[in-house]
Amino acid sequence: MLKTFENRSAFDVVNIAAGLGLAITPWILGYAALTTAAWIAWLVGAAIAVVACIALFAFSEWQQWVNTALGVWSVAAPWVLSFSTNSSATISHVVVGLIVAAAAGYSLWNGSDKPFSTA
């Protein structure tokens with residue numbers, strides 16, 4: 001069962017990195033002046049990283065559901081909030097959103113809230 005814990009941790013680390021990556025992309029990719037896209041990147045990126053940190057230390061299924069939803073929102077945000085004309089912002093939101101949703105979704109599918117066996 002230790003392997004299941006390691007898999008959960010790996011997906012949480014991936015989501016921490018992806019969330020932090022999204023949070024810094026407005027400066028790196030030069031769309032910090034695009035207010036809506038930048039604020040979504042900062043807020044959603046920080047939220048993803050915080051939820052993944054919580055999951056890393058105290059796994060519960062709700063954290064994976066929240067990060068799955070945040071990942072889906074990150075993918076949809078460029079079109080819902082009308083900043084899809086900026087390719088840097090759109091690509092960063094979509095790529096990070098897909099990574100986060102996939103990692104959290106797989107973590108939900110592969111492992112559950114069940115306690116680890118000592119046997």
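Here are a few short exercises on this predicted model, each with a worked solution.

**Exercise 1. Find how many helices and strands the protein chain has, and in what order the elements run.**

Start by counting: there are 4 helices and 0 strands. Then read from the N terminus on, and you get α-α-α-α.

**Exercise 2. Work out whether Val 14 is buried, partly exposed or exposed.**

First, place the residue: Val 14 sits in helix α1, which covers residues 2-28. Next, take its relative accessible area, 37%. Now bring in the cut-offs: buried means under 20% and exposed means over 50%, with partly exposed in between. So Val 14 counts as partly exposed, given its 37%.

**Exercise 3. Find which residues join Val 14 in a nonpolar surface patch, and which helix gives the most to the patch.**

The partners of Val 14 are Ile 91, Val 95 and Ile 99. Together, the four have about 320 Å² of accessible area. As for the helix, α4 (residues 87-110) gives the most, with 3 residues.

**Exercise 4. Check how the span of α4 compares with what its 24 residues should give.**

Use 1.5 Å times one less than the number of residues. For the 24 residues of α4, that comes to 34 Å. The end C-alpha atoms of α4 are 34 Å apart, so the two values agree.

**Exercise 5. Find which residue caps the N-terminal end of α4.**

Look at Asn 86, which does the capping. One of its side-chain oxygens lies 3.1 Å from the backbone nitrogen of Ser 88.

Methods:
Residues are numbered from 1 along each chain as its sequence is written. This is a predicted model: local features need pLDDT of at least 70, side-chain atom pairs count only at pLDDT 80 or more; totals for chains, interfaces and linings use all residues. Side-chain values use heavy atoms; hydrogens and water are left out. Helices (H or I, at least four residues) and strands (E, at least two) are DSSP runs, numbered from the N terminus. Patches are made of residues with over 30% relative accessible area and no salt bridge: like charges are joined within 9 Å, nonpolar side chains (Val, Leu, Ile, Met, Phe, Trp, Tyr) within 5 Å. Accessible areas come from the Shrake-Rupley method with a 1.4 Å probe; for residues, only the protein chains shown count as cover. A salt bridge is a side-chain nitrogen of Lys or Arg within 4 Å of a carboxyl oxygen of Asp or Glu. Buried means under 20% relative accessible area, exposed over 50%, partly exposed in between (1.4 Å probe, protein chains only). A polar contact is a pair of N or O atoms within 3.5 Å; within protein, one must be able to donate a hydrogen and the other to accept it, and residues adjacent in sequence count only if both atoms are side-chain atoms.
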